[in-house]
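Here is a short tour of one protein chain, written to be read with the structure open beside it. Please keep the viewer at hand and follow along.

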Amino acid sequence: REKRFYRRLMEECPYMDRDTAFVFYTALITVVGQELRRFGVVRLPHLADIALVPQKSRVAWVGRQQKRIGEMKVLKMYPKERLRRYFNKRQKIN
């Protein structure tokens, strides 16, 4: 899977070798992580907004017991409208 991902990335950017693609991708992931920690929201142009959203406390199974889990932040991804339209259109064709 990993090899396929970097190979596909190199096909889209023929001037990149595998090591450059790896460095670029890890730098992107680092920036996304830093922005999430700092602001709680990251906007990736043409792709999606990623946000840490508070989730209400709820009852959940912890082992064999039901306990109340406190409020925590969960990671949510909100795709851009253009991306959603593209994939919705593709699903209607099939």
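Two strands count as paired if DSSP finds at least two bridges between them. With that in mind, let us start at a hairpin, noting that this is a predicted model.

## The hairpin

Strand 3 and strand 4 form a hairpin, and two residues sit between them. Gly 63, in the turn, has a positive phi of about 70°. The two strands run antiparallel and are joined by five bridges, strand 4 covering residues 65-69. One position to look for is Trp 61, whose bridge partner in strand 4 is Gln 66.

Val 59 is part of strand 3, which spans residues 58-62. What does Val 59 touch, once its neighbours within four places in sequence are left aside? The answer is Gln 66, Lys 67 and Arg 68. Val 59 is partly exposed, with a relative accessible area of 46%. Its C-alpha atom is separated by 21 Å from that of Lys 76, which is 17 residues away along the chain.

## Helix 2 and its two sides

Next, please turn to helix 2, residues 18-39. This helix has 22 residues and reaches 31 Å from its first C-alpha to its last, close to the 32 Å expected at 1.5 Å a residue. Which residues of helix 2 are buried? They are Ala 21, Val 32 and Leu 36. Viewed down the axis of helix 2, these buried residues fall within an arc of 40°, so they line one face of the helix.

That buried set packs against helix 1 (2-12) and against three strands: strand 1 (41-44), strand 2 (48-55) and strand 5 (72-79). On the other side of helix 2 you will find Asp 19, Val 23, Arg 37 and Arg 38, which are exposed. Gly 40 follows helix 2 and has a positive phi, near 85°.

## Aromatic rings

The structure holds five aromatic pairs. In one of them, the ring centres of Phe 5 and Tyr 6 are 5.3 Å apart and their planes stand at 75°, so this pair is edge-to-face. The cut-off behind that label is an angle of over 60 degrees between the planes. Are these two residues buried or exposed? Tyr 6 is buried, at 4% relative accessibility, whereas Phe 5 is partly exposed, with a relative accessible area of 38%. Phe 5 and Tyr 6 also belong to an aromatic cluster, together with Phe 22 and Tyr 25.

## Salt bridges

A search of the whole structure finds five salt bridges. Among them are the three in this table.

| Carboxylate residue | Lys or Arg residue | N to O distance |
|---|---|---|
| Asp 49 | Arg 43 | 2.8 Å |
| Asp 49 | Lys 80 | 3.1 Å |
| Glu 81 | Arg 84 | 3.1 Å |

Asp 49 is a good residue to centre the view on. It is buried, with a relative accessible area of 16%, while its partner Arg 43 is exposed at 59% relative accessibility. Its other partner in the table, Lys 80, is partly exposed at 25%.

Asp 49 forms a salt bridge with Lys 80. Asp 49 lies in strand 2 and Lys 80 in the loop between strand 5 and helix 3 (81-93), so the pair ties together parts that are 31 residues apart in sequence.

The pair of Arg 84 and Glu 81 has another setting. These residues are three apart in helix 3, and about one helical turn separates them. Both are partly exposed, Arg 84 at 39% relative accessibility and Glu 81 at 44%. Returning to the shared partners, salt bridges join Arg 43, Asp 49 and Lys 80 into one network.

## A positive phi at a histidine

Most residues other than glycine have a negative phi. Which residue is worth a look on that account, having a positive phi although it is not a glycine? It is His 46, with a phi of about 65°. His 46 is found in the loop between strand 1 and strand 2, and it is exposed, at 71% relative accessibility.

How values were computed
Residues numbered from 1 in each chain as written. Predicted model: local features only at pLDDT ≥ 70, side-chain atom pairs only at ≥ 80, totals over all residues. Heavy atoms only, no water. Phe/Tyr/Trp six-rings, centres within 6.5 Å; stacked < 30°, edge-to-face > 60°. Buried < 20%, exposed > 50% of the residue type's maximum accessible area, 1.4 Å probe, protein only. Helix = DSSP H or I, 4+ residues; strand = E, 2+ residues; numbered from the N terminus. Expected span 1.5 Å × (residues − 1). Arc of directions from axis to C-beta. Contact = heavy atoms within 4.5 Å. Salt bridge = Lys/Arg side-chain N within 4 Å of Asp/Glu carboxyl O.
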